[in-house]
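User: Hello! Could you take a close look at the buried interior of this protein for me, and walk me through how its parts fit together there?

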Amino acid sequence: MDYSPHSAHSPSTDGHEAPAHGHGAGHGGAAHDSAAHDSGRHDHSGHAEVDHTGHGHAAHGTAEHEHAGHGRASWRTAAQATLHCLTGCAIGEVLGMIIGTAAGLHGGVTVALSIALAFVFGYALTMRGVLKAGVDMRQALKVALAADTVSIMVMEVIDNTVMVVVPGAMDAGLATVLFWAALALSLALAFVLTVPINRWLIGKGLGHAVVHAYHH
């Protein structure tokens, strides 16, 4: 029997099955690539999630920590604290100058009276706000002393220096422009020069920073 046709048919059959085998392998490779792609996508999303949430949260927390520990007050806060202090100082300063000038007191006595009244009214305004928070008188006085002493001292040095330096200001009458112009100038300079000092004090947790706890 001649087996040549059958033998010829076998390679044809094998050749037909080989592509089928190759197709299956290719399909398996595609599935493997797809799985690898899915795995890569999973890894990528996981990596992105870690970077975005973990690292971002840590950076945000660090920024908050640096901001909290930065220790610098805003100029607006310092200006408000200075204006509050200046109000009490101005009342005492003006009152002392008026009394001393009207009574014909010596310049040194008038300055001393103005300084004393400036401290009294400066502390009184601060204590008024602290007492509203339910603090007793003794504690309110301690807070006022801690909050205003440095600020009032600086203001009074500037105020009275200007009044003494301006020629004739201390001897001018209450009805003269010179007296009121010199007094206004002294208060304005006191405000401008005291704001940076109060900003530094508040940034260090001193000065009016001790009062803020009683305003919330």
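Analyst: Happy to help; here is a walk through the interior, from the packed helices to single residues and then to the aromatic pairs. Please keep in mind that this is a predicted model.

Let's begin with the helices. Helix α2 spans residues 75-102 and helix α5 spans residues 177-203; the two pack at an angle of about 145°, with their axes 8 Å apart. Their crossing is right-handed. Sorted by class, the contact between α2 and α5 is made of 18 nonpolar, 5 polar and 2 charged residues. Helix α2 also packs on α3: these axes come within 7 Å and cross at roughly 145°. The crossing of α2 and α3 is right-handed as well. Here the contact has 10 nonpolar, 11 polar and 1 charged residues.

Next comes the nonpolar interior. The largest nonpolar core has 20 residues, and those with the most contacts inside it are Cys-89, Val-130, Ile-152 and Met-155. Four helices, α2, α3, α4 (137-165) and α5, each supply at least two residues of this core. The most comes from α4, which gives 7 residues. Apart from this core lies another one, of 9 residues, including Met-97, Val-111, Ala-169 and Phe-179. As background, nonpolar side chains in soluble globular proteins tend to be buried together.

Met-155 is a good residue to zoom in on. Leaving out residues up to four places away in sequence, Met-155 touches Thr-82, Cys-85, Leu-86, Cys-89, Ala-190 and Thr-194. One of those partners, Thr-194, deserves its own look. Thr-194 sits in helix α5, and its relative accessible area is 0%, so it counts as buried. With residues up to four places away in sequence again set aside, Thr-194 touches Thr-82, Ser-151, Val-154, Met-155 and Ile-158. Thr-194 and Met-153 are 41 residues apart in sequence, while their C-alpha atoms are 9.8 Å apart in space.

From Thr-194 we can step across to Ser-151, which lies in helix α4. Ser-151 has a relative accessible area of 1% and is therefore buried. Besides Thr-194, Ser-151 touches Cys-85 and Asn-198, not counting residues up to four places away in sequence. If you have the model open, Cys-85 is a handy landmark, as it is touched by Met-155 and by Ser-151.

Finally, the aromatic rings. The structure holds 2 aromatic pairs. In one of them, the ring centres of Phe-119 and Tyr-123 are 5.8 Å apart and the planes stand at 50°, so this pair is tilted. Phe-119 and Tyr-123 belong to helix α3 (residues 107-131), and because they are 4 residues apart there, about one helical turn separates them. Tyr-123 is buried, at 13% relative accessible area. The other pair is Phe-179 with Trp-180: their ring centres are 5.0 Å apart and the planes are at 85°, so this pair is edge-to-face. Phe-179 is buried, at 0% relative accessibility, and is among the residues of the 9-residue core. Its partner Trp-180 has a relative accessible area of 37%, so Trp-180 is partly exposed.

Key
Residues numbered from 1 in each chain as written. Predicted model: local features only at pLDDT ≥ 70, side-chain atom pairs only at ≥ 80, totals over all residues. Heavy atoms only, no water. Phe/Tyr/Trp six-rings, centres within 6.5 Å; stacked < 30°, edge-to-face > 60°. Buried < 20%, exposed > 50% of the residue type's maximum accessible area, 1.4 Å probe, protein only. Axes fitted to C-alpha atoms, helices over the stretch in contact; angles between N-to-C directions. Left-handed = near helix turned anticlockwise from the far one by under 90°. Nonpolar A, V, L, I, M, F, W, Y, C, P; charged D, E, K, R; others polar. Core = buried A, V, L, I, M, F, W, Y, C linked by side-chain atoms within 4.5 Å. Contact = heavy atoms within 4.5 Å.
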